[in-house]
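Hi everyone, thanks for making time. Could you pull up the model and its sequence while I talk? I'll go one region at a time.

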Amino acid sequence: MEFTLLAAAALGAFGLWAMLWWEARHGNADRCAGSLWDTAMFAAVAGIFGGRIVAMVLNGVNPLTNPGDIIIVRSGVSTVGASLIAVAVFLWSFRRQPVLAADAIAAAALAGLAGWHAGCLFRGGACLGSASDLPWAWAQPGSAVTRHPVELYAALAYLAAAAALAWWKAYRRPTPGMPAAIAVAVAGGVRLLTEPLRPSLGGGPVWFYATALVAGVVLAVAAARRGQDRPSQAEAQAP
């Protein structure tokens with residue numbers, strides 16, 4: 001793994017930690033922030049290496065006969081494989097209360113994604129996408145073509161969503177399952193919206209981002225309906 005990629009990963013981890021720290025101070029993840037952090041880091045590492053193996057298999061490389069290639073993460077990691085494995089490991093670790101755990105990590109996960117995308121600043125021209133004449137567009141060294149800083153667009157969108165979700169959790173106490181559903185929808189929606197500005201349209205797993213967006217919306221609607229069906233505290237205490 002090259003050091004610039006490691007720096008981007010470290011910024012993503014910092015975003016996750018910083019949001020968990022803030023939420024612990026405001027009661028969102030009180031007394032369990034450490035457990036969430038440890039489990040999230042383990043799930044992320046499992047997802048990266050699992051996604052690397054998936055990428056190797058899809059490219060026709062046998063991980064059993066070429067185990068040394070597994071650690072060459074820069075050569076490719078399956079986004080779909082890494083995401084699904086990381087989520088599965090995290091939820092399995094909190095299998096007694098998966099919904100509450102997912103809600104607790106929701107805002108922090110978005111902040112972690114914001115840090116990962118902002119990590120493009122450590123990776124040369126990795127922030128840039130399609131050509132643009134906008135005032136904030138910039139060019140790669142040696143090039144006269146200015147381009148959208150598409151990775152920073154994604155980072156800002158994720159950070160704004162993470163802050164809004166954390167505030168909502170702290171001061172509005174949403175229905176269980178709603179924060180996690182919104183986080184899934186935002187995670188897929190932001191990538192789906194920024195995909196046309198990336199160097200090659202359709203180069204990423206667009207179907208996966210679209211599926212995450214739809215799944216998040218469906219889960220959010222289901223959570224909202226459950227919240228409406230629950231009796232209020234006064235109704236529950238009525239004789």
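**Starting from helix H7**

The buried residues of H7 pack against helix H3 (79-93) and helix H6 (178-194). Helices here are DSSP runs of H or I with at least four residues, strands are E runs of at least two, and both are numbered from the N terminus. Buried means under 20% relative accessible area, exposed over 50%, and partly exposed in between (1.4 Å probe, protein chains only); contact means heavy atoms within 4.5 Å.

Before we go on, this is a predicted model: local features need pLDDT of at least 70 and side-chain atom pairs count only at pLDDT 80 or more, while totals for chains, interfaces and linings use all residues. Residues are numbered from 1 along each chain as its sequence is written, and side-chain values use heavy atoms, with hydrogens and water left out.

Back to H7, which runs over residues 206-229. Its 24 residues reach 35 Å from the first C-alpha to the last, close to the 34 Å expected at 1.5 Å a residue. That expected span is 1.5 Å times one less than the number of residues. Which residues of H7 are buried? They are Phe208, Tyr209, Ala212, Gly216, Ala220 and Ala223. Several of you will look for a pattern in that numbering, and the background is this: an α-helix has 3.6 residues a turn, so residues three or four places apart point the same way.

Now cross over to H3, one of the packing partners of H7. H3 has 15 residues and covers 21 Å between its end C-alphas, close to the expected 21 Å. Its buried residues are Val80, Gly81, Ala82, Ala86, Val89 and Phe90, and they pack against H2, H4 and H7.

**The core**

Phe90 of H3 turns up again in the largest nonpolar core. A nonpolar core is a set of buried Ala, Val, Leu, Ile, Met, Phe, Trp, Tyr and Cys residues joined through side-chain atoms within 4.5 Å. This one has 27 residues, and Met19, Leu36, Phe90, Ile105, Leu110 and Tyr158 touch the most other members. Two or more residues come from each of helix H1 (3-25), helix H2 (33-58), H3, helix H4 (98-118), helix H5 (150-172) and H6. Which element gives the most to this core? That is H4, with nine residues.

Leu110 makes a good place to zoom in. It lies in helix H4, and its relative accessibility is 2%, so Leu110 counts as buried. Who does Leu110 touch, leaving aside neighbours within four places in sequence? The contacts are Tyr158, Ala161, Ala162, Leu165, Ala183, Val186 and Ala187. For a sense of scale, the C-alpha atoms of Leu110 and Arg226 are separated by 24 Å, with the two residues 116 apart along the chain.

**Loops and the disulfide**

Next, sulfur. The structure holds one disulfide, where the term covers a pair of cysteine sulfur atoms within 2.5 Å. Cys120 is joined to Cys127, with an S to S distance of 1.8 Å. The torsion about the S-S bond is about 90°, so the disulfide is right-handed. Both ends are hidden from solvent by the cut-off: Cys120 is buried at 2% relative accessibility, and Cys127 is buried at 1%.

Arg123 lies in the loop between H4 and strand S1 (138-139). Is Arg123 buried or partly exposed? It is partly exposed, because its relative accessible area is 25%. Arg123 and Phe3 are 120 residues apart in sequence, yet 9.1 Å apart in space, C-alpha to C-alpha.

Ser132 is also in the loop between H4 and S1, and at 7% relative accessibility Ser132 counts as buried. Not counting residues up to four places away in sequence, Ser132 touches Ala137, Thr146, Arg147 and His148.

One backbone oddity sits in the loop between H5 and H6, at Arg173. Arg173 has a positive phi of about 50° although it is not a glycine. Its side is open, too: at 53% relative accessibility, Arg173 counts as exposed.

**How far to trust it**

Last, confidence. pLDDT is the predictor's confidence in each residue, from 0 to 100. The chain averages 88, and 90% of its residues reach 70 or more. Among the elements, H6 has the highest mean at 96, and helix H8 (residues 233-237) the lowest at 38. Over residues 232-239 the pLDDT is below 50, and beyond near neighbours in sequence this stretch has zero contacts in the model. Where pLDDT is low, the predicted coordinates should not be read in detail. Thanks, everyone!
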